[in-house]
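Hi,

Here is the structure I promised to pass on. Have a look at it first, and then read on for what turned up.

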Amino acid sequence: MSGALLEVSDLTKHFPLSGGFLGMRSRGAVRAVDGVSFQLQPARTLALVGESGCGKTTTAKLVLRLKSPTRGTVLLEGRDVHGLTGDDVAWFRRSVQAVFQDPWSSLSPRMRVGDIVAEPLVVNGRYSKGEIKQRVAAMLERVGMQERHAELFPHEFSGGQRQRIALAMALITDPKLVVLDEPVSALDVSVQAQVMNLLRDLQDELQTSYLLITHDLATVRFVADDVAVMYLGEIVETAPAEELLDSPKHPYTQALFAAELPHHPAQRRDEVPVRGEMPSPLSPPEGCRFRTRCPHVMDVCLTKPPATRLGEAHQVACHLY
């Protein structure tokens, strides 16, 4: 698929463990992310979903340059983000922003809202004070706040309003990509819908791409265009959101979606049994990593990692296909 804004290829992050006297003996490595590849098109939302510990947040940190990969590449508009230096780093920081799970921890309690939202512009150093004030007022209005809110402090707002402020701060530089790490999971259910509507409206208006990190399938159903399902550091299935939600192929994806609450009390779901806990990323199983919990495990699953199959849009790594 050509024309991708973000291209991630064979992205891998292993965290070495050491032990013994003075920590000089190697104890292996935690394979947090292991050969992940995906693409994100302009003005679209790709959701990375999976259980806690599957590697999706580490993947986000690698995309954001908060961690360096063990191997693999992250390309933004064809440029390797981990090879950037000098002015190219400033370009990256303008082009990629993030909104995290807890808006309270990402907003300085000692700064007024106007200064918080303006900070990326001040750091950028390309705007006058008048231009900054004007852009901040316009962005606050875009996210449903008022100009007078610029003079207040974060503690004077509700959780939903603080997440709107975090969005305003992320979008003030007109970024090409925003990484959303569980952006609504800390909010009340009624507020979640408001923030998700806001995310969709802002994307339509600004043509920004979102990389959504979440375990909440309701958020995926409402916001995402495409979905990549992660299990134990690997992507096991990728497809357009509607197709994946209606017809998941991988046994793990089927189990994940079967656990989701139905949209109507009369709706019935097939039970997809998944036994046991996720294995340790320090020593993942040989062959298929899901084989220790899969209800369809076969002999080939014990020794041979599954290749990615099916069509171009809907891909699944499973020996059943």
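One definition before anything else: a residue is called buried under 20% relative accessible area, exposed over 50%, and partly exposed in between, using a 1.4 Å probe and protein chains only. You should also know that this is a predicted model, where local features need pLDDT of at least 70, side-chain atom pairs count only at pLDDT 80 or more, and totals for chains, interfaces and linings use all residues. Residues are numbered from 1 along each chain as its sequence is written, and side-chain values use heavy atoms, with hydrogens and water left out.

Let's start with some backbone oddities. Asp174 is not a glycine, yet its phi is positive, about 55°. Asp174 sits in the loop between H6 and E7 and is partly exposed, at 46% relative accessible area. (Helices, H or I with at least four residues, and strands, E with at least two, are DSSP runs numbered from the N terminus.) Ala43 is also a non-glycine with a positive phi, about 60°. Ala43 belongs to the loop between strand E2 (25-40) and strand E3 (45-49), and with a relative accessible area of 22% it is partly exposed. A positive phi, near 65°, also turns up at Arg65, which follows H1. Helix H1 itself (residues 56-63) is mostly covered, with six of its eight residues buried.

Back to the loop between helix H6 (159-171) and E7, because Ile172 is found there too. Ile172 is buried, at 1% relative accessibility. Its C-alpha atom is 9.5 Å from that of Gln97, although the two are 75 residues apart along the chain.

What about strand E7 (residues 177-181): how many of its five residues are buried? Five of them are. Leu177, Val179 and Asp181 are on one side, Val178 and Leu180 are on the other, and both faces are covered. E7 has neighbours as well, and strands count as paired if DSSP finds at least two bridges between them. Strand E6 (residues 96-99) runs parallel to E7 and is joined to it by four bridges, with Ala98 partnering Val179. Strand E8 (residues 209-214) pairs with E7 in the parallel sense over five bridges, and there Leu177 stands opposite Ser209. Together with helix H7 (residues 189-206), E7 and E8 make a right-handed β-α-β unit; right-handed means that, with the strands pointing away from the viewer, the path from the first strand over the helix to the second runs clockwise.

Now the cysteines. How many disulfides (pairs of cysteine sulfur atoms within 2.5 Å) does the structure hold? Zero. The sulfur of Cys288 has its closest cysteine sulfur in Cys301, at 5.6 Å, which is too far for a bond. For Cys318 the closest is in Cys294, at 6.2 Å, again too far for a bond. Cys288 is buried at 12% relative accessibility, and Cys318 is buried at 8%.

Those four cysteines come up again at the largest cavity: along with Pro251, they lie nearest its centre, in a lining of 14 residues. (A cavity is a set of points on a 1 Å grid over the protein atoms alone where a 1.4 Å probe fits but cannot get out; lining residues have an atom within 4 Å of a point.) The volume of the largest cavity is about 80 Å³, counted as the space filled by probe spheres set on the points.

Best wishes

Note on methods:
A disulfide is a pair of cysteine sulfur atoms within 2.5 Å. On a 1 Å grid over the protein atoms alone, a cavity is a set of points where a 1.4 Å probe fits but cannot get out, and a pocket is an open set with protein on both sides within 12 Å along at least five of seven lines; lining residues have an atom within 4 Å of a point.
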